[in-house]
Amino acid sequence: MYELFFQEFNKKAPLTGEEETLIKTYLTPKKLRRKQYLLQEGDVCKAIAFIEKGALRAYSVDDSGDTHIIQFGLEGWIISDLYSFLTGEPATYNIDAIEDAELVLISKSAHEELLRKLPKYETFTRLNITGAYLAMQKRLTSIISSPLEERYAGFSALYPEIVQRVPQHMIAAYMGLTPETLSRIRRRISSK
Amino acid sequence: MKTRQTIAVIGATGNMGSAISKSLSKGNYRLLLKANKQEELDPLVKEIKTKNADADIEAAVCPAEAGWEADIIILAVPFGAENEVAKKIKEVANQKIVISIANPLSETYNGLVTAPGTSAAEELQKLLPNSKVIKAFNTTFAANFSTPVIDGKQADAFIAGNDEEALQTVAELVATAGFNPIVAGDLSVSRTLEHMQLLLIQLGLKYNYNWLAGWKILHN
């Protein structure tokens with residue numbers, strides 16, 4: 001139920017058996033079926049989710065009803081509306097399952113207590129947020145300055161598993177393209 | 001809250017379990033029902049779906065599976081069965097809201113079987129130390145769910161527990177079921193709540209209330 005979670009945790013901050021037992025008391029195991037929401041826009045994001053199994057996406061919907069995918073999440077990743085989680089303001093993202101999923105949730109109160117009680121949890125959190133920040137900076141730079149083909153090639157080289165598991169129209173919504181443009185780019189790349 | 005929460009009802013085919021399930025199926029909840037008697041569970045799910053085509057409801061395979069998917073778990077089993085069910089859901093109920101509805105009544109309704117310094121809810125909390133046990137729906141009879149307004153007044157439903165946020169979540173659930181939720185205090189207040197229902201049952205038997213009675217606090 002928490003196998004991958006502790007595997008990842010131990011990579012960032014090795015735990016003693018006692019510390020693992022303590023952390024376990026704060027975790028919420030949660031199953032989500034495909035298409036079910038973990039969070040809907042307008043609600044406050046009350047937990048961050050570590051993905052043990054399955055795939056999720058975080059997205060926003062614009063005024064014309066178009067979906068913009070902010071982030072995908074696969075096994076071993078964390079997904080949330082961090083802004084809402086940290087500030088307590090209503091979420092601007094929706095998060096739902098693309099595949100049946102098993103999650104480990106850390107509620108806001110559990111998160112705060114663990115930060116107070118266990119310096120290693122603070123390390124874990126810092127490394128997670130640093131990683132998320134670096135990924136976001138990369139994504140932002142790529143969006144504003146790289147040509148389309150390069151962006152797609154970079155994305156599929158970095159995340160081959162997402163390209164394999166996630167439907168094309170969602171990848172288009174992640175890249176800010178129509179599905180038609182994405183498939184044109186894919187054709188151009190494969191004919192090279 | 002927009003995000004649909006999943007509620008597992010364990011013991012869904014009992015008087016209280018089925019009344020709660022029917023009532024909550026009208027709210028923005030996804031319901032997973034579990035009961036020992038599969039032959040009663042399937043017709044119950046069907047009945048709820050027939051009455052309300054929008055109901056998001058399903059029969060669950062086992063208590064642990066239902067509990068794993070759930071955000072909130074309602075134990076609609078008699079006090080005597082709580083120990084066994086608690087064992088099955090302990091791991092998946094970690095950090096989750098678990099609602100204790102049981103009244104630990106003696107067989108002849110002449111008292112409670114719990115020791116004076118405790119309550120069914122507190123005993124459940126001991127069995128599930130990492131869950132947020134909340135006492136609710138114990139001062140309401142099954143018939144109240146279809147008739148939460150008695151003699152022109154909306155019945156009160158008392159809630160007790162130690163976690164503020166969990167109390168609020170359960171208060172919303174109680175309101176969805178048609179009752180007026182009143183947060184009575186921390187989990188130890190369950191002792192009073194369980195005795196209140198004992199009194200109501202005793203009075204009901206004495207004055208023939210026909211199991212349609214409830215509590216209403218009069219105040220200005």
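User: What makes helix α1 (residues 15-24) of chain B mostly covered?

Analyst: Happy to walk through it. A residue is buried if 20 or more other C-beta atoms lie within 10 Å of its own, exposed if 12 or fewer, and partly exposed in between, with C-beta atoms placed from the backbone. By that rule, 9 of the 10 residues of α1(B) are buried, among them B:Met16, B:Ile20 and B:Leu24. The cover includes β1 (5-10), β2, α2, β4 (72-75) and α6 (164-176) of chain B. Helices (H or I, at least four residues) and strands (E, at least two) are DSSP runs, numbered from the N terminus.

One note on the source: this is a predicted model, in which local features need pLDDT of at least 70 and side-chain atom pairs count only at pLDDT 80 or more, while totals for chains, interfaces and linings use all residues. Residues are numbered from 1 along each chain as its sequence is written, and chains are lettered from A and ligands numbered from 1 in the order in which they are written.

User: How do you know how confident the predictor is in chain B?

Analyst: pLDDT is the predictor's confidence in each residue, from 0 to 100. Chain B averages 95, and 100% of its residues score at least 70. For the complex, the predictor gives an ipTM of 0.92 and a pTM of 0.95.

User: Why are β3 (56-59) and β10 (180-185) of chain B called edge strands?

Analyst: Two strands pair if DSSP finds at least two bridges between them. The open sheet of chain B has 8 strands in the order β3-β2-β1-β4-β5-β6-β9-β10, with mixed pairing. β3(B) and β10(B) each have a single partner strand, so one side of each is left without a neighbour in the sheet.

User: What makes β2 (residues 29-34) of chain B and β3(B) a pair?

Analyst: DSSP must find at least two bridges, and 4 bridges join these strands, which run parallel. In one of them, B:Leu32 has B:Glu58 as its partner in β3(B). Helix α2 (residues 38-51) of chain B packs on the sheet, touching β2 and β3 of chain B, and its direction makes about 170 degrees with that of β3(B). Such angles run from 0 to 180 degrees between N-to-C directions, with axes fitted to C-alpha atoms, for helices over the stretch in contact.

User: Why is B:Asn208 called exposed, and B:Tyr109 partly exposed?

Analyst: B:Asn208 has 8 other C-beta atoms within 10 Å, so exposed is the right word. B:Tyr109 has 13, so that residue counts as partly exposed. Most residues other than glycine have a negative phi. Phi is positive in B:Tyr109, at about 60 degrees, and in B:Asn208, near 55 degrees. B:Tyr109 lies in the loop between β5 (97-100) and α5 (120-127) of chain B, and B:Asn208 in the segment after α7 (190-207) of chain B.

User: How do you know which residues of domain 1 and domain 2 of chain A are in contact, and how many there are?

Analyst: Contact requires C-beta atoms, placed from the backbone, within 7 Å. By that test, 12 residues of domain 1 of chain A are in contact with 11 residues of domain 2 of chain A. On the domain 1 side, β5(A) gives the largest share, 4 residues. The domains span 3-145 and 146-192, with bounds from an automatic or database domain assignment.

Definitions and conventions
Contact = placed C-beta atoms within 7 Å.
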